[in-house]
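Let's take a walk through this fold, starting with its sheet and ending inside its core.

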Amino acid sequence: MASSLINAVLFVTFIALVTASDPDIITDFVSPANLTKIDGDFFTFTALRGFFDSDYPPNFKVTKAGMAEFPALNGQSVSFAVLEYPVGTINPPHIHPRSAELLFVVDGSLEVGFVDTTNKLFTQTLQLGDMFVFPKGLVHYQSNADSKNPATAISAFGSANAGTVSVPTTVFATGIDDNILAKAFKTDVATIQKLKAGLAVKA
């Protein structure tokens, strides 16, 4: 009896873990403890005002509207980002551990792709007005291969805090031992050190 109960509890726990997303809330919204007055301003994000009137940045840039930037999203299971791709730039391979990503091209064109858990690569060339979904937790990227025109995309996430784990930075800029990386990538330590140097934060 005890064994069956334990197995049942473990099964339910497993199901809860594999289906977990942002936790449900039991109020209409969640307000910060230090906020005494709630009005329309709390539910308004203004950091993108004038965004489409400004010039493209020199490098790839993400402007996020997640829970950190927009506290009203806490408990709402949604967030947003605007991605700017000057000519020839990329959004390097990365994952979002807590959400799928729905990307919408609003200017230019993009080469995109993701790799599933069988190591199959799915790619597409997106034109203005196209949308593409990157499944939750899978490695994916975007690239503006156009030699003349920049691109812009808007991404929606099913989490107020989707998280971003950059593959190059996580692997080569977090202090993993050079010998371990050399063995994992079947190369030499000198090559690993060169890759690390290229990703080092410039002073």
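Here is a quick look at the sheet, one of its residues and the core.

This is a predicted model, where local features need pLDDT of at least 70, side-chain atom pairs count only at pLDDT 80 or more, and totals for chains, interfaces and linings use all residues. Residues are numbered from 1 along each chain as its sequence is written, and side-chain values use heavy atoms, with hydrogens and water left out.

Five strands line up as β1-β2-β9-β4-β7 in an open sheet with antiparallel pairing. Strands here are DSSP runs (E, at least two residues), numbered from the N terminus, and two of them pair if DSSP finds at least two bridges between them. β1 and β7 sit at the edges, each pairing on one side only.

| Strand | Residues |
|---|---|
| β1 | 61–65 |
| β7 | 131–134 |
| β2 | 79–85 |

β1 and β2 pair over five bridges in the antiparallel sense; Lys64 has Ala81 in β2 as its bridge partner.

Also in β2 is Val82, which is buried at a relative accessible area of 1% (buried means under 20%, with a 1.4 Å probe and protein chains only). Leaving aside neighbours within four places in sequence, Val82 is in contact (heavy atoms within 4.5 Å) with residues including Leu48, Phe51 and Ile154.

Now for the core. The largest nonpolar core (buried Ala, Val, Leu, Ile, Met, Phe, Trp, Tyr and Cys residues joined through side-chain atoms within 4.5 Å) has 13 residues, and Tyr85, Leu103, Leu110, Val112, Leu126, Phe132 and Phe134 touch the most other members. β5 gives the largest share of this core, three residues.

Key:
Helices (H or I, at least four residues) and strands (E, at least two) are DSSP runs, numbered from the N terminus. Buried means under 20% relative accessible area, exposed over 50%, partly exposed in between (1.4 Å probe, protein chains only).
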